[in-house]
Every structure is written in C-alpha cells, then in structure tokens.
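Let's take a walk through this structure together, going from one residue outward to the chains. Have the viewer open as you read.

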Amino acid sequence: MNFEEHAGKPVLAEHGIVVPDGRLCTTPDQAAQAQSEIGPVVVKAQVPTGKRGKAGGIKIADTPDEARAAAAAILGMDIGGNTVESVLIEGRQTIAREFYAAVMNDPVSKGPMVLFSALGGMDVEEAAEQDADAVRRQPVDIRRGLEVAEARAMLAGLDIAGLGDDIAEILVKLYGAYRAVDAELLEINPLALLDGGDLVALDCKFVMDDSGIKRQEALSDKGTPDKLTGLEAEGEAKGLKYIELDGDVGVLANGAGLTMTTMDVVRHHGGVPANFLEMGGEAYTKGTDALRLVLDNPKIKSLVINFCGAFARTDVMTDGILTAWEELEPEMPVFWSVHGTGDVEAVAMLKERLGIEPLPDMDEACKAAVEAAREANR
Amino acid sequence: MIVRGTDRVLIQGITGKQGTFWTERMQEYGTQITGGVNPKKAGTEHCGVPVYGSAKDAMADGDGFDVSVLFIPPLGVRDAAMDAIEAGAKGLVILTEHIPVQDVMYVLAAARERGCAVTGPNTAGGVTPGECFAGFMPAFNEKIFKKGNVGVMSRSGSLGTLICLNIVQAGYGISAFVGIGGDPIIGTTTRDAVTALDNFPGTDAVVMVGEIGGAMEEDAAEYVAGMSKPVAAFIAGGAAPAGKKMGHAGAIVMGDKGTYASKKSALEAAGATVMATPSHVGDILKERLG
C-alpha cells in the first residue's frame, strides 16, 4: 500500500527524523491561509507516485495570493493517472546539499537493505548508473537490527561534509521506522542539509507491505488504497482477486499461476482475456460469487473455467459455480477443464447438473472459448 | 528441500480443519508423520500421532522430526517457525500466504544460521512420487503424480500440478515436484530448486515453471547454462498487464523489471526450451529426451 508524502512524513517524525512544518490543504483558500502562517512555502501535489516536479505539481509561493494561485493550478491536475485532491504546504528551506537514504526489503539477500547516496534529489538508479560507488548498500540481519557502527561503516569515504555521525544516526532511526510500520520501502529523497546545518527529510516515500496491513490497522487507514474499477472493488469486497482487462474471453481459474497461464493460453490461441480472477487458496469456496463477478462484466462473450486442484478442491469450486449458474441461467458459452483434487466428483456434477463434459485439457478449453467469442462478434 | 520417505515429519497446526485433512492424506500416501503441535491440546492424540505443546517438546519428548510442515495463520508463523528452527528442524515447509514479509525475513535469517532449509512461504509444498508428500498437493492422484524421471519445480502449486498432469499424459513421470511459493521473498529460490532437482537421483530432465516478477528465473538461468540435463521452462504471465500484482505478491512487472521477455531470453540463452503453452511439455520432452 502506497502512502502519500503527507502521510509518510509523520512516520519519520515519530522516529525522530526532522521534517518541515507542513499543512495539508484541499482548497486554494486553505493554501493561502497556511502560507500566511508559515511564510515562504513550497506547494506540493499529494499523489501516490513520483515525478511530481516534472509534471508541474510542485510550485513555490512567497505570498498568500501566490499560494492560492499555485494550489488552484495544482489541485485537480492529473499526475500519472492520479487526480490531485490535496496539496502539502511546507516552509521553504535553503538547501546546501541533498542526500538519499532508504530501507527496503531485498529479495536477493532476503533481508532489509539500507541504501545511502551522497547524490540526493535524483533517481537513485540513475545515480548508480553514473557512479557505481555512489549508492552504498548495507544488508541487515533483521534479528539484530542496524547498528550505528554498521551505518557509519557504510558511509566511509563518501563526500558527506563531515556529517558521518549525524547521518548514521538518521539511518538507524529510519531503519527503526521501517521495522515499526511494516514498510517494504521507506525512502527519504532528498535528505537535505540546510544552510543552518540541520538535516531534514524534504520528501518521503513509504510503501507498506500489504501482508503487514492486518497488524498496522490505525496507520493503514492513512494509506492510499489501490485505484479499483467497479468490478475490481466488488471482487475485493467478496475476498476475490479480480483484475479487469480489455478483452472478451472471461477467465475463471484457481491459483495465481494457473489463472495467469489461462490468460496466456487464451492469448496464444488468438483471443484477448477479459479479466484475471483466481479463486484458489482460501477463496476456493467462493465459486458462486466468482461466477457472478465474471458475468457482471458486460464485455465478455465466452467463458473458460480452468481448475487444477491441489489445496483447492475442484468439486467444491464446481459446486459453487453450478449453484450460481442454475440461479442465473446465463446465455454464455462456457468451456471447462477440470483436473486434480476432487476431479471425479466435479466431472460427474458437470454432467448431471449442466449436461456437459469438460474438454480434455486447458488448451482445448481456451481454444473453444476464443472461437466462441469470435463467433459471437461476427 | 525435497522431502523423502525416510524423513520424520511434524505438523504444526495439526488439529485445524486443513491440518487434519492434509495430515490424513499425507499419512495415507506414506509420509512418516511423527507428531503434531497445538499448545492447547498438548498430551492428546490426533490423526493417530501425539500432539505436543511445541516443536521443542516434540523433539525432546517424542520420536523427533526432520521436517516441519506449518498449517499456521499468518501472524503466528514467525513464532511457530522459530520454535521449529530452535528445536533443530532440518527443513520447514511454510504453506501460509500473506505472512508479513519482515516476519519471513526474520525466519529465513534464523534458518540460514542453523542450516535449516525453508520451502515457501505461500507454497503448496512438494511431492516425491511413490514416497511421500508435504503440503497440500494431490500426490495421491496417479494421473498427475506418476513416478518417473522428470523433476519439476514451480512458483505456483496449481500450475505446477497442471504441468505434472501434462507430463504424465505425455507418457513420462515425475521424479520429484518442488513448489517454491508465490511470494517475493522465499527460502528456496528457483535456482535452489533447479539445482536440487538436477542432483536428485533418477532425474533425467528438469521442468521449470516460473512467473513474471522478480529476477529468480534469470538467476536460475546461470545455473541452467552449466547443466547437462535438458531443461524445459514455462513462464506464466506473458499476457498480464504491467504494474499489477497478479494474485501472487511476487508476480508483478515493474517498469522493465521482471518481464516475460527478460526471463524467456535468459533461459533460452542458457539452453532451456521455453514453451508457449504448458501442453507443449510432452513434445519438448520427447524431442530432448528421445
């Protein structure tokens, strides 16, 4: 789950990292009022994505009128597909140097990775391309945590204006925050050295591990939920992972891998999948909801149902779908492939209740569904 | 990470609905289950084996165990896994999905230090046909897990099951199946699983089932390049849109990272045959194994 800057910075502040005085505003008048309280400010679009500056989403304002005009220009702007609904107004700082600091989950070392670069303000990957030594990396044993000595050691030899001890301390605090909030990424870019000598976090990127949300309830309320289409939201409410796509062949399968593969095979046979919908894992008892969801998409012209049961019993899934089918009686060409746990019972159920037999394999089922969609479009 | 018939297996969470159902299936198939864990039912018997208060008790008081299979809810996994690791487990199979990643990293750090091989999390487990299975796989279905000479690994349990079915339909059989799980951070990587299958007795070819997201297939390709046994691969998610998690937390293309094209070209350059659909696996095995 992504957090906008205004929701991420309090996490830093709670762990002792200095952030600028700021106000979140949703109208130009609020922005003018905030400017009159703070003085010279930066007006920053709040969206859960980067590259705000390039998109024109960050402006400076020295008077209430300028702040009002800046907010009016930014509010409602589209940045990377997100409509700006609020701006963060922060006191403007005089910056001497910019650094980069982050902690993230690293799949290679299978532990936390602390990153630091003396080249702040820019994309850290671009910095690494310019100079391989520019981005320092320190893997951490999560059972012990980041020790100050490790943080100091990773900064050795960098041009950081003699601030090694101060920055090491900030890295330790950042690591503490990352652990406390189940972050998968917590990034400060830039970490600014101000003219007065203070180190301040001028921006914050915070992504919470989706699997950590259940133990971060209070904080996760401040995150930005994924943008979902109506059908995707319906799926989420029913505990089903549904992703709307632009084709006309409906896909219903169990397990993420098998569902993706069913989409791939539909495409391999010249069709375009209408959705991703998996009802595997704990969702395998939700066949009735799953069928309703797939059929609610007005674009679909045919349906492929592909089960290969391991944990998810195909008889239970088939029964759920047939229950909805008998109730809805849809006029929809449907092609089944059923194998694995419970398949004998599932096939018998199909014959008895729907009067059909499954196709011998997934390829045949996908091919038939693609053909039926093509026929319907003629 | 390939569980054998001689391994003693502990089931943490044995008394739950899924724990009970799959323990019975494992016992019927030949998995040597020596005990279960549920702190609230310590001292009782379940599925014909003793229930202990902890994995440490199971090791100290009972017949001991080599591998523990965890049927434990997400927020309980860290403590349960640490219990098993500290008890001296040689392997863990963690089936649970949606475990906080920082908990997973904690368990993996401890396991690495103690020399304990972790499979998962978010895996359906593994099958050694004719011997045993660990997890929730339809090992008992002979149309899918007939014994043979093809080693199979998969990030996805359902897709791995389908590939095994296709292999058996083509007249071959399975030497061992390793499900590694769909999370971004897991104990046994694609490379680890391919390496284990390459070295597993009676394996003449390896089938690798990957997914979009991450760089595990690219990493495994380095090992594949040095293999003498043929490798056939399928990568799921070629038709998936970028920037969306396709059901598995690890199955996401971000920018130009984790794409189908990157994995396909790395594996082909390493000498693997990458198939367009899983049903081609039989033809590829015929061509490469003769």
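Two residues are in contact here if their C-beta atoms, placed from the backbone, lie within 7 Å. Keep in mind as well that this is a predicted model.

With that cut-off in hand, a good place to start is B:A220, which is found in helix α7 of chain B, the helix made of residues 216–224. If we leave aside its neighbours within four places in sequence, B:A220 is in contact with B:T190, B:R191, B:V194 and B:M208. Is B:A220 buried or exposed? B:A220 counts as buried because it has 28 C-beta neighbours inside 10 Å, and a residue needs 20 or more for that label. You can also pick out B:A266: this residue is 46 residues away from B:A220 in sequence, yet the C-alpha to C-alpha distance between the two is 9.1 Å.

Now zoom out to the domains of chain B. The domain assignment gives domain 1, covering 8–119, and domain 2, covering 141–289. Between the C-alpha centres of domain 1 and domain 2 of chain B there are 27 Å. Their contact takes eight residues from domain 1 of chain B and five residues from domain 2 of chain B. On the domain 1 side, the elements that give two or more residues are α4 and β7 (117–119) of chain B. Of these, α4(B) provides the largest share, with five residues. Sorted by class, that side of domain 1 of chain B has seven nonpolar residues, one polar residue and no charged residues.

The helix α4(B) turns up again when we look across to the other chain. How many residues of chain B are in contact with chain A? There are 49 of them, and they meet 48 residues of chain A. On the chain B side, α4 (101–114) and α5 (157–169) each supply at least two residues. It is α4(B) that gives the most to this side, with seven residues. The class make-up of the side of chain B that touches chain A is 29 nonpolar, 16 polar and four charged residues.

Let's finish inside chain A, at helix α10 (residues 287–295). Its buried residues are A:G287, A:D289, A:A290, A:L291, A:L293 and A:V294. What do the buried residues of α10(A) pack against? Their partners in chain A are the helices α8 (230–237) and α11 (314–328), together with the strands β14 (241–244), β15 (249–253), β16 (275–278) and β17 (302–309).

Notes: Residues numbered from 1 in each chain as written. Chains lettered and ligands numbered in written order. Predicted model: local features only at pLDDT ≥ 70, side-chain atom pairs only at ≥ 80, totals over all residues. Helix = DSSP H or I, 4+ residues; strand = E, 2+ residues; numbered from the N terminus. Nonpolar A, V, L, I, M, F, W, Y, C, P; charged D, E, K, R; others polar. Buried ≥ 20, exposed ≤ 12 C-beta atoms within 10 Å, placed from the backbone. Domains from an automatic or database assignment.
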